[in-house]
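What follows is a walk through the side-chain contacts of one structure, beginning with its aromatic rings and then turning to its charged groups.

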Amino acid sequence: MKSSSWMGQALIAILLVAAGAVLWRSSEYERRLAAAERDLVTLKYADAAAAAAQPGGRLANLMPLTGTAADAQSLASTAGYWNGDYDKAIENPNAKLLAANAQFRKIREQGGSWQAVVGRMDTLVKQYAEILRENPANTEAAFNYEYLVRLRAVFAARKLPVPRS
């Protein structure tokens, strides 16, 4: 009977050590993401993107009910947006407003004939409309939608090429 209680205690100790290792690695990953968010807020976009790109590791991913992978992707796309890497922001499907804003900046950056710019703006207007259908209280999307519709009308009326910016 004594050997079974010793085995039980050893099994509990092993489980506690394993749980401690998972929690320790998960806390390191969370700490790295917090530092990346601090870098983002303090306008160090390249540092934030580099910190968000570092993987959490296998042990950190074992932690249930954490959204650290989604947080890291969101942080990386936001840092990419503010760093001028609009493709990085556009490829994040969970940040529709950020992707639409990045698409607008990319349209303005590319320029082109007025027909091409107006056509790309039509697609973008639909993206903002979809965001507003999902969340009608989103004032930023509503403002951007109105602005884009009016800007599109100006470009269509003038019929002049849009210069690259």
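Rings of Phe, Tyr and Trp (for Trp, its six-membered ring) are taken as a pair if their centres lie within 6.5 Å, with planes under 30 degrees apart counted as stacked, over 60 as edge-to-face and the rest as tilted. The model is a predicted one, in which local features need pLDDT of at least 70 and side-chain atom pairs count only at pLDDT 80 or more, while totals for chains, interfaces and linings use all residues. Residues are numbered from 1 along each chain as its sequence is written, and side-chain values use heavy atoms, with hydrogens and water left out.

Four aromatic pairs emerge from a search of the whole structure. The ring centres of Tyr81 and Tyr86 are 5.8 Å apart and their planes stand at 65°, so this pair is edge-to-face. Both of these tyrosines, Tyr81 and Tyr86, are buried, where buried means under 20% relative accessible area, exposed over 50% and partly exposed in between, with a 1.4 Å probe and protein chains only. Ring pairs also bring in Trp82, so that Tyr81, Trp82 and Tyr86 are linked into a cluster.

Phe104 and Tyr147 make another edge-to-face pair, with 6.1 Å from centre to centre and 75° between the planes. This contact links distant parts of the chain, since Phe104 belongs to helix H6 (residues 96-110) and Tyr147 to helix H8 (residues 139-158), 43 residues apart; helices here are DSSP runs of H or I with at least four residues, numbered from the N terminus. Phe104 is buried at a relative accessible area of 18%, whereas Tyr147, at 40%, is partly exposed.

Turning to charged groups, the search of the whole structure finds seven salt bridges, each being a side-chain nitrogen of Lys or Arg within 4 Å of a carboxyl oxygen of Asp or Glu. Asp87 and Lys106 form one of them, their closest N and O atoms lying 2.4 Å apart, and this pair connects helix H5 (residues 86-90) with helix H6 across 19 residues. Asp122 and Arg152 meet at 2.3 Å, N to O, thereby joining helix H7 (residues 114-134) to helix H8, 30 residues apart; Asp122 is partly exposed at 29% relative accessibility, and Arg152 is partly exposed at 26%.

Within helix H8, Glu146 and Arg150 lie four residues apart, about one turn of the helix, and their side chains form a salt bridge at 3.6 Å, N to O. Arg150 is exposed at 58% relative accessibility, while Glu146 is partly exposed at 40%. Finally, salt bridges that share partners join Lys96, Glu130 and Glu134 into one network.

Note on methods: Helices (H or I, at least four residues) and strands (E, at least two) are DSSP runs, numbered from the N terminus.
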